[in-house]
Amino acid sequence: MSKVGFNAGLALRAALVTEKAAIAASKLAGRGDEKAADQAAVDAMRTDLNAMEIKGRVVIGEGERDEAPMLYIGEEVGLGKGPEIDIALDPLEGTTLTAKNMANALAVMAFAPRGGLLYAPDTYMDKIAIGPGFEPGLVDLDKSVEDNVKALAKAKGVSAKDITVCVLDRARHGKIIETLRNMDAKVSLISDGDVQGVIATTDRDTQIDMYIGQGGAPEGVLAAAALRCVGGQMQGRLHFRNDDEVARARRVGIDDLDTKYDLEGLASGPTIFSATGVTQGSLLDGVRIAKGRVHTHTLVMNSVDKAVQKLRSARPV
């Protein structure tokens with residue numbers, strides 16, 4: 001697909017899809033039911049995608065076909081006419097956050113031409129990411145945490161104590177956190193939502209300089225699609241905990257299990273990314289209802305013209 005199809009019109013249409021999913025999920029915020037919130041977002045996203053004039057295929061979804069009615073890997077969406085698009089999505093990134101009405105839950109989606117997104121299995125991925133404006137190869141998964149922080153600090157003309165690194169608050173990241181604190185770097189811990197963590201490196205208002213850690217591989221592809229739109233650097237390597245996860249990778253055509261993917265390897269060609277806040281967050285405001293209208297806050301990006309927009313919408317409840 002040419003870059004022509006990946007225009008502002010398609011980007012705004014993508015924003016409508018994540019808005020609908022976010023609104024649906026927000027109705028379950030604070031209700032304590034993760035599955036119901038996720039299902040509401042899935043249903044809304046599927047309905048809106050199926051109304052689009054696209055030949056869409058889900059390549060990053062919520063499991064395989066036998067796990068339907070979630071939007072599963074390989075599911076065909078759209079009206080079956082128009083551009084052939086591969087879709088990465090997480091209708092509700094932060095199911096626990098939503099159920100507990102905590103910050104930073106998002107509805108997230110990315111578009112790319114057919115074959116433009118890594119067909120990532122549902123496994124873990126080691127990740128490192130920084131925002132745009134730096135010499136290529138500045139950070140590397142194969143370097144130590146200390147070396148990566150020092151390299152970024154030098155490039156920014158500051159000391160390590162001025163660098164803020166976002167890390168998922170998990171026991172598996174204990175050594176990373178300890179290293180960062182021994183360097184006197186700032187650590188910003190998040191309980192969930194590493195798509196938001198990676199994207200935060202591109203937004204100066206978040207004051208996040210780097211993302212490091214191990215999270216979901218599908219979320220890694222979604223985050224890479226966002227970075228592809230605005231620049232930045234990201235590397236990821238799949239991490240397998242058992243033979244079943246290796247088998248998942250084989251099923252989606254991954255033969256070299258040790259590949260270190262760069263941004264181009266995770267998301268290539270033109271991409272569109274959209275995320276709408278479900279609950280209040282550091283990146284986006286959450287859905288709110290006031291004076292009979294429902295208000296949303298959406299980040300939409302298009303790699304063709306490097307456009308980054310934050311859209312505020314209001315519609316009748």
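How much space lies in the second largest pocket? About 270 Å³, and that is a good place to begin our walk through this predicted model.

**Stop 1: the second largest pocket.** Select G131, P132, F134, L152 and K156, then add T201, T202, D203, R204, Q207, I208 and D209; together these residues line the second largest pocket. Colour them by class and you will find four nonpolar, four polar and four charged residues in this lining.

**Stop 2: the largest pocket.** Now move to the largest pocket, which holds about 760 Å³ of space. Its lining counts 31 residues. To centre your view, pick D90, L92, T95, D122 and E219, the lining residues that lie nearest the pocket's centre. Next, show the elements around them: α2 (34-49), β3 (84-93), α3 (95-99), β8 and α7 (217-230) each give at least two residues to the lining. Which strand supplies the largest share of this lining? Strand β3 does, with four residues. Colouring by class here gives eight nonpolar, nine polar and 14 charged residues.

**Stop 3: the six-stranded sheet.** Switch to a cartoon view and look for the open sheet, whose six strands run in the order β7-β6-β8-β5-β9-β10 with mixed pairing. Select 186-190 for β7 and 260-262 for β10: these are the edge strands, and each has a single partner, so one side of each is left without a neighbour in the sheet. Turn the view along the sheet to follow its twist, which averages 20 degrees from one strand to the next.

Zoom in on the β10 edge. Strand β9, residues 233-239, pairs with β10 in the antiparallel sense over three bridges. Show R237 and you will see K260 of β10 standing opposite.

Then select residues 174-182, helix α5, which packs on the sheet. Helix α5 touches β6 (164-168), β7 and β8 (210-216). Compare the helix with β7: their directions make an angle of about 150 degrees.

**Stop 4: a salt bridge.** The structure holds 20 salt bridges, and one of them is worth displaying as sticks. Select R46 and E75, whose side chains meet at 2.8 Å, N to O. Why does this pair link separate parts of the chain? R46 sits in helix α2, while E75 belongs to the loop between β1 (55-60) and β2 (76-77), so the contact ties together parts that are 29 residues apart in sequence.

Conventions. Residues are numbered from 1 along each chain as its sequence is written. This is a predicted model: local features need pLDDT of at least 70, side-chain atom pairs count only at pLDDT 80 or more; totals for chains, interfaces and linings use all residues. Side-chain values use heavy atoms; hydrogens and water are left out. Two strands pair if DSSP finds at least two bridges between them. Axes are lines fitted to C-alpha atoms, for helices over the stretch in contact, and angles run from 0 to 180 degrees between N-to-C directions. Contact means heavy atoms within 4.5 Å. On a 1 Å grid over the protein atoms alone, a cavity is a set of points where a 1.4 Å probe fits but cannot get out, and a pocket is an open set with protein on both sides within 12 Å along at least five of seven lines; lining residues have an atom within 4 Å of a point. Grid points are joined across faces, edges and corners, and a volume is the space filled by probe spheres set on the points. Ala, Val, Leu, Ile, Met, Phe, Trp, Tyr, Cys and Pro count as nonpolar, Asp, Glu, Lys and Arg as charged, and the others, Gly among them, as polar. A salt bridge is a side-chain nitrogen of Lys or Arg within 4 Å of a carboxyl oxygen of Asp or Glu.
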